[in-house]
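Please examine the following structure, taking its interior and its helix packing in turn. The discussion proceeds from a single side chain to the nonpolar cores.

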Amino acid sequence: MSQQLSPVQGLPMDRDAGPFDPPAAITALRETRPVSPMLFPDGHEGWLITGYDAVRQVMSDARFSNRMDLGVVHVPYETPGMPVATEPSPQIPGLFISMDAPDHTRLRRKLTGAFTVKRMKQLEDGIIKITEQQLDAVAQLAPPVDLVREFALPVPSLVICELLGVPYADRETFQANSSKFMERDVNLEDKMAAFGAMMGYLGQLCADKRAEPGEDILSDLARDEDLSIEELTGMSFLLLLAGHETTANMLSLGAFALLENPAPLAELRADPSLFSNAVEELMRYLSVADIFYRYATEDVELGGETIPAGSTVVVSLLAANRDPGRFENPDVLDVHRKVRGQVAFGHGIHQCLGQQLARLEMRAGFEGLFRRFPDLRLAVPAGEVSLRTNMNIYGVHELPVTWG
């Protein structure tokens with residue numbers, strides 16, 4: 001089949017179907033060829049996976065490796081003239097998201113006790129308190145305000161800093177560096193400088209935790225002599241980055257989506273018990289962490305195609321979560337939908353470790369926001385909201401809102 005049909009030229013990125021929908025070209029591909037060859041900017045052929053069943057298979061099949069040091073990690077969405085990776089990336093100690101078993105298993109197991117459903121439930125009151133305090137601060141401001149700066153970013157940052165034992169006073173530095181690291185159209189030198197700054201900061205913090213541990217997750221890890229300082233630093237980088245970037249963007253983009261969908265928002269305001277269900281539906285509907293990479297370690301049959309060994313494979317979680325073969329009327333935001341099997345948190349052994357924490361933060365955040373500000377509305381036309389199409393995690397750069 002791949003000899004008869006032309007491969008797609010790079011990864012379609014234009015959100016031409018609307019700010020909450022996948023690029024129209026991605027949707028069209030899923031309907032016609034959910035496992036499709038794709039040409040990267042350097043002419044190398046890889047694969048783009050958009051169908052729900054195929055995405056789940058890739059994410060759970062050990063023959064599709066997460067290791068960035070095995071083969072070339074090409075970046076299909078770089079702008080013209082930007083460098084494209086042509087060499088394998090070295091393994092970074094502790095960064096278990098880019099490892100396979102048994103290395104991944106060993107490091108992730110160190111954290112499973114920290115993120116159990118039971119432990120997250122115990123944190124719920126603290127998360128609600130942080131959320132309400134931040135909403136108190138917002139209420140003191142004269143509208144319009146930027147909901148990203150004043151609410152969506154501070155809440156998960158406060159929570160993850162408290163959990164990990166990272167001083168919240170340092171947030172501006174690590175938020176700026178993590179944002180630079182996640183930006184697509186930044187040259188490699190600047191991106192690595194931001195990464196190096198974060199790793200330097202966290203390396204010192206982890207060394208301090210090992211010398212004088214406290215009552216937090218990084219201190220718990222620092223007490224484990226099986227972990228080197230380099231591994232501690234890599235793990236802390238992953239936890240800090242994932243712990244505030246994804247949830248912050250879900251809170252802001254989710255608020256935007258609800259404000260633009262007044263019928264489901266009215267239902268939530270009338271029945272706040274629906275917020276738990278709405279969080280799951282918003283995760284499916286928006287899937288802010290969309291694009292993931294795998295590397296085929298051997299030939300694999302997938303969706304009627306043969307993925308050759310050595311291929312870079314790109315999966316779209318958003319396309320999978322909008323697959324009508326799995327979800328009825330998938331492009332409708334339905335807060336009553338009984339969502340089962342959405343893949344916004346990934347699938348398989350790399351499924352998001354902090355997903356229960358994220359759910360608690362989103363439920364407290366959305367419920368609190370729309371309860372405290374019953375007449376919340378956009379302060380600019382929806383078309384003027386600045387979208388994070390230049391970032392590896394989707395969302396909005398700013399969300400000007402008003403009330404009263």
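Leaving aside neighbours within four places in sequence, with which residues is Arg359 in contact? In this predicted model, Arg359 is in contact with Val279, Glu280, Gln342 and Phe345. Arg359 itself belongs to helix 15, which spans residues 355–372. Among these partners, Glu280 also takes part in a polar contact: its side chain and that of Arg359 are joined at 2.7 Å. Although charged, Arg359 counts as buried, because its relative accessibility is 16% and the cut-off for burial is under 20%.

From this site the description turns to the packing of two helices. Helix 8 (residues 171–182) and helix 9 (residues 188–211) have axes that come within 8 Å and cross at roughly 145°. The crossing of helix 8 with helix 9 is left-handed. On the side of helix 8, the contact is formed by Phe174, Asn177, Ser178, Lys180 and Phe181; helix 9 contributes Asp190, Lys191, Ala194, Phe195, Ala197 and Met198. Sorted by class, the residues of this contact comprise six nonpolar, two polar and three charged ones.

Phe195 leads on to a loop residue, since it appears again among the contacts of Ile92. Where does Ile92 lie? Ile92 is found in the loop between strand 4 (64–65) and helix 3 (103–109). Apart from neighbours within four places in sequence, Ile92 is in contact with Met99, Phe195 and Met199. The C-alpha atom of Ile92 is separated by 9.5 Å from that of Met68, although the two residues are 24 residues apart along the chain. Is Ile92 buried or partly exposed? With a relative accessible area of 21%, Ile92 is partly exposed, because burial requires a value under 20%.

The nonpolar interior remains to be considered. The largest nonpolar core has 89 residues, and Phe370 and Leu399 are those with the most contacts inside it. Helix 11 (residues 229–259) gives the most to this core, supplying 15 residues. Beyond residues up to four places away in sequence, Phe370 touches Ala255, Leu258, Leu259, Leu265, Arg269, Phe275 and Leu376. A second core, separate from the largest one, has 20 residues, including Trp47, Val58, Ala296 and Leu302.

How values were computed
Residues are numbered from 1 along each chain as its sequence is written. This is a predicted model: local features need pLDDT of at least 70, side-chain atom pairs count only at pLDDT 80 or more; totals for chains, interfaces and linings use all residues. Side-chain values use heavy atoms; hydrogens and water are left out. Helices (H or I, at least four residues) and strands (E, at least two) are DSSP runs, numbered from the N terminus. Buried means under 20% relative accessible area, exposed over 50%, partly exposed in between (1.4 Å probe, protein chains only). A polar contact is a pair of N or O atoms within 3.5 Å; within protein, one must be able to donate a hydrogen and the other to accept it, and residues adjacent in sequence count only if both atoms are side-chain atoms. Contact means heavy atoms within 4.5 Å. Axes are lines fitted to C-alpha atoms, for helices over the stretch in contact, and angles run from 0 to 180 degrees between N-to-C directions. A crossing is left-handed if the near helix is turned anticlockwise from the far one by less than a right angle, and right-handed if clockwise. A nonpolar core is a set of buried Ala, Val, Leu, Ile, Met, Phe, Trp, Tyr and Cys residues joined through side-chain atoms within 4.5 Å.
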